[in-house]
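Subject: Handing over the structure, with notes

Dear colleague,

I am passing this structure on to you, and my notes follow below it. Please have the sequence and the model open while you read.

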Amino acid sequence: MNNQKTLYQGIINKYKRYLPVTGKTPIISLNEGNTPLIPATYLSKLLGKEYRVYLKYEGLNPTGSFKDRGMTMAISKACEEKSKAVMCASTGNTSASAAAYASRAGIKCIVLIPKGNIALGKLSQALIHGATVLAVNGNFDDALALAKEITKDYPITLVNSLNPYRIEGQKTASFEICDALQMAPDYQVMPVGNAGNITAYWKGYKEYKKAFKIRTLPKMLGFQAEGAAPIVRGYPIKKPETIATAIRIGNPASWKQAEKARDESKGLIDMVSDKEILDAYKLLAAKEGVYVEPASAASIAGLLKLAKRGYFDKPKSHEPCLSGRQARTKNIVCILTGHGLKDPDRAIKSIKEPKTIKINKKDVLKELGY
Ligand code: AN7
């Protein structure tokens, strides 16, 4: 017989004592979460023996991105509140996740996407799950403004990260990291778009500390794309541009909370160029065997940029004093937010296409240099 209690049943079941759910909440889950924390052998070597780098591979969630953690909460609470329809604006992953969870709940899902600027895999997901997909002539920020306006006046629940349940669900990723390491990481590196995820992680770490599950807090290191870096530059970007379409966002909804996470943790929010993102994207696939979408590679591009700048090797004023004690190996966790298969076009564009040869042994062996 199957013992339901021994099966992993998703983040709400696992972390319900930290989440705003009751016995009455209908749990809509695809068993999201429980993603691997993969040691990054190549990157760890690059950083030197004082550091160990880990990859939190959020691309292994049911719809291929971290959004599922927030969406199981947002859709479950929408159902508890008897909502019959949900709406989001999206650069792609939120819409894929909302469409999947709404279909599981049997409610309507409407998504607004910036026309021409979402990766094909994500669009296919929203469509196959039966969402009403509307491509708008504008960017993500315009689409979000519209979604806010409509959901204010009509009986439709907004499931962008302005919905506080999204943040609640997403914070469980920080719990998983601490549970795996048996402590908080020293640094956490992540991409920043609409800034919901950095807000969620920081909330999670602080709550775990309060619950005495961890004793320290990580420094939060966030990275925006150079052409879409409003937080770094200090003003909204009217026409954000980057190949990392997931984070092509010029006016993040959780801007203030992201600054708070940065400042309270004594971390930083910086930017990386599209070239740095693509180099990191290829390096991660070629050296670590991990395939992510370009936005997720901003984490690794950021890590490499900081390493190059010497951020990790000088004795620092921003470090806790370890007087008299041997410094232990420091843990750096990079969040890989979405799977590479979301955007296969980008991979093929980044690498040479395969060479066509005649179908015979001699030609193959010649190509191989035998
Ligand atoms: C792969 O799907 O905003 O800073 O509408 O898909 O929490 O916005 C996606 C964002 C990073 C940035 N990595 O996270 C959307 C959307 C990937 C993403 C981000 C997104 P936030």
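Which polar contact joins the side chains of D270 and R309, and at what distance? The side chains of D270 and R309 are joined by a polar contact of 2.4 Å, where a polar contact is a pair of N or O atoms within 3.5 Å, with the added condition within protein that one must be able to donate a hydrogen and the other to accept it, and that residues adjacent in sequence count only if both atoms are side-chain atoms. D270 itself is placed in strand β9, residues 268-272, and it counts as buried because its relative accessible area is 12%; buried means under 20% relative accessible area, exposed over 50%, and partly exposed in between, with a 1.4 Å probe and protein chains only. Helices (H or I, at least four residues) and strands (E, at least two) are DSSP runs, numbered from the N terminus.

Before going further, please note that this is a predicted model, in which local features need pLDDT of at least 70 and side-chain atom pairs count only at pLDDT 80 or more, while totals for chains, interfaces and linings use all residues. Residues are numbered from 1 along each chain as its sequence is written, and side-chain values use heavy atoms, with hydrogens and water left out.

The ligand and its surroundings

There are 24 residues around the ligand, and of these N93, T94, N194, A195 and T337 come nearest, a residue being near a molecule if one of its heavy atoms lies within 4 Å of it. By class, this shell has ten nonpolar, twelve polar and two charged residues, where Ala, Val, Leu, Ile, Met, Phe, Trp, Tyr, Cys and Pro count as nonpolar, Asp, Glu, Lys and Arg as charged, and the others, Gly among them, as polar. Three helices, α4 (93-105), α9 (196-210) and α13 (294-309), each supply at least two residues of the shell.

Two of the polar approaches involve oxygen atoms of the ligand: one lies 2.8 Å from a polar backbone atom of G193, and there is an oxygen atom 2.7 Å from a polar backbone atom of A195. On the side-chain side, a nitrogen atom of the ligand is 2.7 Å from an N or O atom of T337. Taken alone, the ligand exposes 480 Å², and the protein buries 98% of that, with accessible areas taken from the Shrake-Rupley method with a 1.4 Å probe.

Residues elsewhere in the chain

K256, which is found in helix α11 (residues 255-264), is exposed because its relative accessible area is 59%. Its C-alpha atom is separated by 8.9 Å from that of A195, although the two residues are 61 residues apart along the chain. K209, placed in helix α9, counts as partly exposed because its relative accessibility is 35%, and its C-alpha atom is 23 Å from that of S161, 48 residues apart along the chain.

Two strand residues can be set side by side. V189 is in strand β7 (residues 187-191) and is buried, with a relative accessible area of 0%; the C-alpha atoms of V189 and I332 are separated by 7.4 Å, with their positions 143 residues apart along the chain. A135, in strand β5 (residues 132-136), is partly exposed at 49%, and A135 and K366 are 49 Å apart, C-alpha to C-alpha, at 231 residues apart in sequence.

Finally, there is a point of backbone geometry. Most residues other than glycine have a negative phi. N31, however, has a positive phi near 60°, and N34 likewise has a positive phi of about 60° although it is not a glycine. N31 is found in the loop between α1 (11-15) and β1 (37-39), and N34 lies in the loop between α1 and β1. N31 counts as partly exposed because its relative accessibility is 40%.

With best wishes
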